[in-house]
Amino acid sequence: MKLYSSDRSPFVRKVLVCAHEVGLIDDIERVPKVVSFLQTDEEVGSHNPLGQLPTLVLDDGTSLYDSGVICDYLSQLNVATLLVPIHPDARLEMARRQAEADGLLANFMRWYGERRRADHPLSPQYVAICRGKLQRVADAWNNAAPSWHGRRLDIGFIAIGCALSYADFRFSAENWRSERQELATWYEQLCRRPSFQATEFRE
Ligand SMILES: N[C@@H](CCC(=O)N[C@@H](CS)C(=O)NCC(=O)O)C(=O)O
């Protein structure tokens, strides 16, 4: 299978961490691409009408997106690793964590895009809205983190790890760890996993 990817994309990182965890990383050929909301790529667009990374193309030509769908697919290929809980309540709780992480990442994408726009200055109101979302999500995770220790890894936790690592990568000045010791400790342990160590962001 072929993965349209970028070493700077947190959504791609989610997929790569899952691929490592289920033991399928060597089955994935990575095709590096540079895309942004303002810069499309025809080849990616021919497999995914949204033109986004990650897009996975299977050997029979089927394409899969977005990151959550691809992670779900990878976890189905090796059910022994159980990256998606079986119990319906646990599954819903995982899906909610993933939704929070993906939503925070979408917020980061907008924020980063605005920050890089040369044609007009970043409005303080825009920054305040983006920052408010980061703070509320990080607070919620910090409150939940004590109950996360020792839990089996799932796609929701992987998504949260990728969102926090992207905060460090692009928004380190926001200092999300400040007064969020529980979350910081949980994250530090997550980052020790070989799957996270092998998928660090690169410029
Ligand atoms: N919901 C998507 C979001 C993917 C996404 O926003 N990817 C970025 C790269 S990090 C992208 O392709 N941006 C270009 C665009 O949105 O047109 C997912 O989970 O895969």
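## Close-ups of the pocket and its ligand

**View 1. The largest pocket, with a volume of about 1400 Å³.** This is a predicted model. A total of 35 residues line the largest pocket. Look for Val 35, Ser 36, Phe 37, Leu 38 and Met 109, which sit nearest its centre. Sorted by type, the lining comes out as 15 nonpolar, 10 polar and 10 charged residues.

**View 2. Helices in the lining of the largest pocket.** Helix 1 (10-21), helix 4 (88-116) and helix 6 (155-170) each chip in with at least two lining residues. Helix 4 gives the largest share, with eight residues.

**View 3. The ligand and its shell.** The space that the ligand takes up is the largest pocket itself. Around the ligand you'll find Ser 9, Phe 11, Val 35, Ser 36, Phe 37, Gln 52, Leu 53, Pro 54, Asp 66, Ser 67 and Met 109. That shell splits into six nonpolar residues, four polar ones and one charged. Val 35, Ser 36, Phe 37 and Met 109 turn up in this shell and are also among the residues nearest the pocket centre.

**View 4. Polar side chains meeting the ligand: Gln 52, Asp 66 and Ser 67.** Start with Ser 67, where a side-chain N or O atom is 2.6 Å from a ligand oxygen. Gln 52 also points a polar side-chain atom at an oxygen of the ligand, at 2.8 Å. For Asp 66, the partner is a ligand nitrogen, 3.0 Å from a polar side-chain atom. As for cover, the ligand on its own exposes 510 Å², and the protein buries 82% of that.

Key:
Residues numbered from 1 in each chain as written. Predicted model: local features only at pLDDT ≥ 70, side-chain atom pairs only at ≥ 80, totals over all residues. Heavy atoms only, no water. Near = heavy atom within 4 Å. Polar contact = N/O pair within 3.5 Å; in protein donor to acceptor, adjacent residues only side chain to side chain. Areas by Shrake-Rupley, 256 points an atom, 1.4 Å probe, with all protein chains shown as cover. 1 Å grid on protein atoms, 1.4 Å probe; cavity = no way out; pocket = protein on both sides within 12 Å on 5 of 7 lines; lining within 4 Å. Sits in = over half its atoms within 2 Å of the grid points. Nonpolar A, V, L, I, M, F, W, Y, C, P; charged D, E, K, R; others polar. Points joined across faces, edges and corners; volume = space filled by probe spheres on them. Helix = DSSP H or I, 4+ residues; strand = E, 2+ residues; numbered from the N terminus.
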